[in-house]
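Me: Please take a close look at one part of this model for me. I would like to know how the backbone behaves there, and then what surrounds it.

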Amino acid sequence: MKNYKYAWRNLWRNKRRTAITAASVFFAVYFALVMRSMQLGTYDYMFKSIVESYSGYMQIQNDQFWEDKIVDNAMEFSREIESTLLSDRNVVETIPRFESFALASSGSRTKGVMVLGIEPGKEKHLSDVEAKLVKYQLSDSAIEKLLEEDIPESVKENLELFRGDLYSGDGRIQLDLGIRDKDADRIMQFIRKHASMENGYISLGEPGALVGGRLAKYLGLSRGDSIVLIGQGYHGITAAAIYEIKGIVNIGTPDIDSRIIYLPVDICQELYSAPGMLTSLVLHLESNDDKSIDETLERIGAGLADPYRLLGWKEMNETIVSQMDADNKGGMIMIGILYLVIAFGVFGTVLMMTAERRREFGVLISIGMQKSKMATVMIYEMIFMGLLGIAAGVAAALPTIIYGYYHPIKFSSDMAKMFEDYGFEPVMAFKWIDNYFLWQSVVVAIIVLVAALYPVRNIFSLKEVNALKA
Amino acid sequence: MITKTAWKNIWRNKVRSLVVIASVSVGIFAGAFSVAMMEGAMYQRLDDALNDEISHVQITAQGFRDNNDLACLMDNTGNMIDQVRLLEEVEAVSGRIMVIGMANTATKSTGVQIIGVDAENEKALSGLHSKIKEGTGGYLDPSGVENSALIGVDLAKSLNIIRYMITGEVIDSLALLGVPEAVTGKLRPYMDIRFKNEKAFKKELKPVFSQKEEIRYGHMIKEVSQSYREGARFTLTFIDREGFQTGGRFRIAGLYDIPNNMFESSQVFVLRDDLKRLTGLNEGENHMLMIRLKDVDDTREASQKIAAMFPDLETMNWREIQPDLAMLEQMAKIMYGMFMLIILAALAFGIVNTMLMVVLERTKELGMLTAIGMNKKKVFRLIMSESVFLSLFGGVIGMIISKIIISLTATRGINFASYQEGFEAMGYSAHIYPHIGNDFFVVVTLMIIITGILSAVYPALKALKLDPADALRTE
């Protein structure tokens, strides 16, 4: 009979023990997979929302600009560069940006802001500012009216929690207020009636600004008001102008929302006395996965001449990368602890198995079975046990992860508020099946094989006479 | 008697029991230590926020908090300060003028909040005066002739006030810190070149080092190479009371260094008198009164008392100002609970397996005991006690080890220097001093006992089902 068949049958001689050991591996694999998927998925989501709403995956800048973000370090922009960039197979579009710092004021209120000149049409590919225009505002008067309507008490309580908040879509407001799907149509009707907010968009050639929601609140601005921007233009020329506010936008990342002003790029160049110049050119890519980004970086970087420099998203978002790296290590340590505990459990089982079968080993060896064959059978048994656990763990984790991938956990009410206070979007996403699945198997395999060393050593040092007496 | 027997039974198969005990103690130790790290980081964040950043209670005029409007002032604060000081819970009170403005150097400018403070009162209120980075000067000095300012290290970096240079001294001190010759050697070609900021320094030096060297020593090299000239100057511009642009040149008295990048790069402290003169405010006018209490636990009562004293003003305590801080403690408790639960559940598998084996191996013995009149209740209790002793013994060892390791590391802390940037962006220090409350051990002990009991249920039921006649016949 084949070794693996022996091993398989041996496993079922003590069903209970096999089941419990496999269950412990199952438990660890399941937890590890779901935890990893959630952690990695949430990073991806956070990166996506930050990278896509602001920096983009790749930018061309003047060589000096990243180190020293001043208008003097802007770059000349020519059609030639654009066409060379567009000829790369992963580049779909180049999106011009003019980014600078200014002091924004309205009445006696002032704040340092980031002025971002964009090409309104092209920006659709990346941050899609137009989709972020505010649709609903839970203003004091809106809340007052909503409280009089026939809506559930829990929703009314949540209204208080999110007083003053802005929303650019139906989904988030329903979550924050804890509106259930069956009530959604009815309640949204009231919200549309009392809390709607009209907004316009900006276009090239027309002076006008879009303001982040938190910034607008801080400066006490609403649509149609004027905002004064004062900054330093190209070669030290004073940059000052007054713009009408065309709309309020709601940017998910609070840190950006509280200091951003969008202008049409040509108006922005005019403000800073830098016609035809850009601070950066964002490349809109066909595919955004790590591998093709790295390849594109290499391809384009090689062909780029001196005053220009190519930056990848990792380089542009170092702080978040470092944060996530630390958090990632923390998650790995937790899973490590979990596996360590499981390893002890597996070892305990092996110990029993060996002790229990000492006599059997003795008999088999005395009647002529080779020790090496017996050790092989033993190793097979262990591997089968591990595989059972992994298979069950993966089988159970898959539906959870697939479901989570399509339905990210979105927090509502209190929890949402807390996430936002920390500057994160209140969403936990799952990562699609990836290398991390493989790692679990590797770890379990190592645990199982190390544990198998004990019985194998035991078999080889077995004295038949003593074993028979056991 | 049952207890004694159970204890003795554990030691009948020493190796097997030791494996379980070891797994429980390792699991508990790993869990406790991780919790201590998280809790340590959390308490440090809380301490830092209360001591250096927001204090315990703040009073402002209604509406100031929404937009920092310069005109949103409180009058006659001198009397208010005296009144608040009379409260027995209050340790210190200080008035602040706060304006939004721009900080400029020749090459850089950035938006900041300028805070005018009374140097003497402030020292009693906030711990910032003790957080001055070594070699950068000292706290605000009211006796100086020039305007003076205290700014954060991060702001100094972003204004290009801190520059980077490798000198012979830098290389010597790196060697003292244990950086190998191979690494410092690579720095030599860059001696005495002045880099205007951290990014430029990094850009130039990054290609020279391997990734491993960068992770290991990059942070140290960056720290040591900072070059700062004491007494550097910069300008602050802002809008005065009449709405005109104003400002002044300030001498930097010192740089404060705290683990919160956001705060460091946006909050500039100057003397109240200087800011009062420049903005045209009157004596007795302030935007905010900050109050430090003798005991944090008094926050609620004290802030209620203060709110009642000034019904026209807005009084907020730290829980209201930063609700995330207040929730931190609760959230952390939930997280530890879940973490320990997962670990104990993983441990339970091992315990169940072992206890099951105990029962099966002793079929004959248990049969005998029942046959000679031991009742089922006692058998059940015997198995339960064995399981609880086993897990508790491991748990106690684990807790003793964690207590020892935590107190060993608690004084010196553990430094995750290479992740400093990420930690500090969230307001956390990368240098963590593990800390754990005694209530944690009480809860964990209870959890272990419950785990022990639950894991023994199945094996014990198995033992109860044994028919003494059959059991006696087994080999």
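Reply: Ser55(B) counts as buried, because 25 C-beta neighbours lie inside 10 Å. The cut-offs are these: 20 or more other C-beta atoms within 10 Å of a residue's own make it buried, 12 or fewer make it exposed, and anything in between is partly exposed, with C-beta atoms placed from the backbone. Ser55(B) sits in the loop between helix 2 and strand 1 (57–61) of chain B. Helices here are DSSP runs of H or I with at least four residues, strands are runs of E with at least two, and both are numbered from the N terminus. Ser55(B) is not a glycine, yet its phi is positive, at about 60°. Most residues other than glycine have a negative phi.

A word on the basis. This is a predicted model, in which local features need pLDDT of at least 70, side-chain atom pairs count only at pLDDT 80 or more, and totals for chains, interfaces and linings use all residues. Residues are numbered from 1 along each chain as its sequence is written, while chains are lettered from A and ligands numbered from 1 in the order in which they are written.

Asn160(B) also has a positive phi, near 60°, and is a residue other than glycine. Its setting is the loop between helix 6 (153–158) and strand 5 (163–165) of chain B. Asn160(B) counts as partly exposed, because it has 19 C-beta neighbours inside 10 Å.

Strand 5 leads to a sheet. In chain B, 3 strands form an open sheet in the order 6-5-7, with antiparallel pairing. Strand 6 (194–195) and strand 7 (226–227) of chain B are at the edges with a single partner strand each, so one side of each has no neighbour in the sheet. Two strands pair if DSSP finds at least two bridges between them. Strand 5 and strand 7 of chain B pair in the antiparallel sense over 2 bridges. Arg163(B) has Ser227(B), in strand 7 of chain B, as its bridge partner.

Back to helix 2, now at the chain interface. Here 50 residues of chain B are in contact with 46 residues of chain A; contact means C-beta atoms, placed from the backbone, within 7 Å. Helix 2 (14–53) is among the elements of chain B that give two or more residues to this side. Helix 15 of chain B gives the most, with 16 residues. The chain B side divides into 29 nonpolar, 15 polar and 6 charged residues. Nonpolar covers Ala, Val, Leu, Ile, Met, Phe, Trp, Tyr, Cys and Pro; charged covers Asp, Glu, Lys and Arg; the others, Gly among them, are polar.

Terms used
Two residues are in contact if their C-beta atoms, placed from the backbone, lie within 7 Å.
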